[in-house]
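Visitor: I would like a close look at a single part of this model, namely its sheets and the helices that pack on them. Please take me through it slowly, with the residues named.

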Amino acid sequence: MSAAEKTILVVHPGAELFGSDRMLLESVIGLREAGCTVVVALPTDGPLAPELQRAGARVTIVPMLVLRKALLRPRGWLTLLRSSLTRLVSAWRLLGQVRPDAVYVSTIIIPQWPLLARVRGTRSISHVHEAEAAGNRFVNAALYLPHLASARTLVNSEFSLRTIHDALAPLARRAEVVYNGVASPADPQPPRAELTGPLRILYLGRLSPRKGPDLVLEAASRLQDAGSVTVTLLGTAFEGYEWYEEQLRERAASSGVDVDFAGFHSDIWPFLEETDVLVVPSRMAEPFGNTAVEGVLALRPVIASDCGGLEEAAGPYSTTRLIPVDDTAQLMRAFSAIVNAWAEIIATVDDSRASAMARHAPATYRAAIALAVVN
């Protein structure tokens, strides 16, 4: 059977437009370009759904077991058991209705799909976007275990692969790395030739303690004593973390720094055009780091934490700086180093962009996903 005759059921645990959501969209585009009929199952509606429809997929909303951290704690086990039974029935019915030739499972937190596909005799492919290296080894192994039922496993970085190996070596031995495809503006605005006026700093991501935007505010506050800076926080807090955003707003108000809480925007490129430096100050290891690559593609210097997949994402470029985790002093020094070497840095942004485009071309990513799913 050719790819054009195949129906692929794609399942994903959310409907936003953050990192793994954007990769899911790229995967679907790749499958559609290969000629597949694509049905995407999501647990809720959201901004991802119309993007998938524009890509030519049919979107269906299905009650779905999603293993959030609260459910993995003992007090969440009763809810987990109750929701598992009812949502397994919904998943089973959808598989019967679609009768796919393959099931593409995006992320490890929807573990029922590889198991149900195996029971129905349908080939499944798991795409792992998580790398909880600091988590409990036995919990991690339990999360990865259902994906042994898949025929193939894809991961987004060598760091993610090592993390899987530490938790469940048999799964790692059959996994393969496919680097994320990262979209780029066709003709990005070059950086300022001279840093006149305030240094413009951008944080792009969730407003979450593990992501470290408070470190940006702290460093900016200290830098304000030596010269003018502005900060843009582009992102929103997870549900239940509104308290953290309130703390950030209080800190910003008392810092003396001009801070813009810009909220969520699916189009990030205008914000990157208006910044001088992008900061990715994660406190915990990321499985990869699309945001760092996006900064390089936008011709902007990037400061990122030297941990996990961020080292892979940001490390290969002359316009990026890696700093120790949770170290405000080193973040300040990185800002100062970039300002002092501004002329040398902006002279190499085009070379860094060219390297990132070759390494993370969306067309290459899409073709790799289609090949893994269809064959």
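Guide: What follows goes through one sheet and its helix, then the other sheet, and ends with a helix pair and the cysteines. Please keep in mind throughout that this is a predicted model.

The part to begin with is an open sheet of six strands, arranged in the order 10-9-8-11-12-13 and paired in parallel fashion. Its edges are formed by strand 10, residues 258-261, and strand 13, residues 320-323; each has a single partner strand, so one side of each is left without a neighbour in the sheet. On average, neighbouring strands here are turned by 20 degrees against each other, when direction is ignored. At the edge formed by strand 13, four bridges connect that strand to strand 12, residues 302-305, and the two run parallel; within this pairing, Val302 has Thr320 of strand 13 as its bridge partner. As a general point, the strands of a sheet pair through backbone hydrogen bonds, in either a parallel or an antiparallel manner.

Helix 9, which spans residues 213-223, lies across strand 8 (199-204), strand 9 (229-234), strand 10 and strand 11 (277-280), and its direction makes about 170 degrees with that of strand 9. The helix is mostly covered, since eight of its 11 residues are buried. The buried residues are Pro213, Asp214, Leu215, Val216, Leu217, Ala219, Ala220 and Leu223, so that the list includes the charged residue Asp214. The cover over the buried residues of helix 9 includes strands 8, 9, 10 and 11, together with helix 10 (242-255) and helix 14 (328-340).

The other sheet is also open and has seven strands, in the order 3-2-1-4-5-6-7, again with parallel pairing. Here strand 3 (58-61) and strand 7 (175-177) stand at the edges, and because each has a single partner strand, one side of each is left without a neighbour in the sheet. From one strand to the next, the twist averages 20 degrees. Strand 4, residues 102-106, is joined to strand 5, residues 123-128, by five bridges, with the two strands running parallel, and Ala102 finds its bridge partner in Arg123 of strand 5. Helix 17, residues 362-374, packs on this sheet, where it touches strand 1 (7-11), strand 4, strand 5 and strand 6 (152-155), and its direction makes about 145 degrees with that of strand 5.

Helix 5 covers residues 112-119, and its buried residues include Gln112, Trp113, Pro114, Leu116 and Ala117. Just after helix 5, Gly121 adopts a positive phi of about 75 degrees.

A helix pair can be set beside these sheets. The axes of helix 6 (residues 137-144) and helix 7 (residues 158-167) come within 8 Å and cross at roughly 105 degrees, and the two helices are therefore roughly perpendicular to each other. In this contact, Arg137, Asn140, Ala141 and Tyr144 of helix 6 meet Thr163, Ile164, Asp166 and Ala167 of helix 7; sorted by class, these residues are four nonpolar, two polar and two charged.

Lastly, the cysteines: the structure holds zero disulfides. Cys36 counts as buried because its relative accessibility is 0%, and Cys307, with a relative accessible area of 12%, is buried as well.

Note on methods. Residues numbered from 1 in each chain as written. Predicted model: local features only at pLDDT ≥ 70, side-chain atom pairs only at ≥ 80, totals over all residues. Heavy atoms only, no water. Pairing = 2+ DSSP bridges. Axes fitted to C-alpha atoms, helices over the stretch in contact; angles between N-to-C directions. Contact = heavy atoms within 4.5 Å. Buried < 20%, exposed > 50% of the residue type's maximum accessible area, 1.4 Å probe, protein only. Disulfide = S-S within 2.5 Å. Parallel < 35°, antiparallel > 145°, perpendicular 65-115°, else oblique.
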